[in-house]
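This briefing is meant to be read with the structure open beside it. Please go through the topics in order, and look for each part in the model as it comes up.

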Amino acid sequence: MLRLVPVTPDRRGLLYNLNQKYLYEMTNYYPDPLDGEGNLHYGHFDEYFTDPKREALFLYDDDALVGFAMVNPYSCFGGETGHVMAEFTVFPMYRRRGLAARAARKIFEGRPGRWEVKFNEQNAAARALWTRATARYRPEARRLSEDETVLCFEVK
């Protein structure tokens, strides 16, 4: 059974470690450098534990931790919107089982309102996931840059 579990401050270190692995995977699409400690910088990470408008979730399939999501209200186009899927991943060993699309829809359905989901056009798997997971909401695709698309939609 798929479960969404809020990341509590005592699990911050686990989220940080998992986010580093995710960010490393994203260097296939974004040329982010390592810092002096060998980590990739994520500018808003601490705010997920201080800003009540930000929410981090662990994704579990039964008892297995299979991924995480980070949601906030800060529009990709500036200002605030309803919800933005800032980060989302299902770990490679759990992919191709439908978990990502199910988890995304569960997140969307639990948070009605306006949504934005951004992906890099070079990331074919992300493009396919977000196209499939948002189809029922009939998203409008807006280009943020040459490489990035934002799907904008309403969940009722």
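A residue is called buried when its relative accessible area is under 20%, and exposed when that value is over 50%, with partly exposed covering the range in between. With that in mind, note that this is a predicted model, and that the points below deal with a strand, two loop residues and a pocket.

**The strand β2 and its partners**

- Because 5 of the 7 residues of β2 are buried, this strand is largely enclosed by the rest of the structure.
- On one hand, β2 pairs with β1, which covers residues 2-6, in the antiparallel sense over 5 bridges, and within this pairing L2 stands opposite D61 of β2.
- On the other hand, β2 is joined to β3 by 7 bridges, and these two strands also run antiparallel; here E55 has V71 in β3 as its bridge partner.
- β2 and β3 together form a hairpin that has 2 residues between the strands.

**Two residues with a positive phi**

- Most residues other than glycine have a negative phi, and the next points describe two that do not follow this pattern.
- D62, which is not a glycine, has a positive phi of about 55°, and it lies in the loop between β2 (55-61) and β3, where it is part of the hairpin turn.
- D62 counts as partly exposed because its relative accessibility is 46%, a value that falls between the 20% and 50% limits.
- R138, likewise a residue other than glycine, has a positive phi near 50°, and it is found in the loop between α3 and β6 (140-143).
- R138 is exposed, because its relative accessible area is 76%.

**The largest pocket**

- The largest pocket has a volume of about 1200 Å³, and 45 residues line it, of which Y22, M26, E87, F88 and N123 lie nearest its centre.
- Sorted by class, the lining of the largest pocket consists of 26 nonpolar, 9 polar and 10 charged residues.
- Several helices and strands contribute to this lining, since at least two residues each come from α1 (12-26), β3 (64-74), β4 (80-90), α2 (99-109), β5 (113-120) and α3 (124-134).
- Which element gives the most to the lining of the largest pocket? It is β4, with 7 residues.

Conventions
Residues are numbered from 1 along each chain as its sequence is written. This is a predicted model: local features need pLDDT of at least 70, side-chain atom pairs count only at pLDDT 80 or more; totals for chains, interfaces and linings use all residues. Side-chain values use heavy atoms; hydrogens and water are left out. On a 1 Å grid over the protein atoms alone, a cavity is a set of points where a 1.4 Å probe fits but cannot get out, and a pocket is an open set with protein on both sides within 12 Å along at least five of seven lines; lining residues have an atom within 4 Å of a point. Grid points are joined across faces, edges and corners, and a volume is the space filled by probe spheres set on the points. Helices (H or I, at least four residues) and strands (E, at least two) are DSSP runs, numbered from the N terminus. Ala, Val, Leu, Ile, Met, Phe, Trp, Tyr, Cys and Pro count as nonpolar, Asp, Glu, Lys and Arg as charged, and the others, Gly among them, as polar. Buried means under 20% relative accessible area, exposed over 50%, partly exposed in between (1.4 Å probe, protein chains only). Two strands pair if DSSP finds at least two bridges between them.
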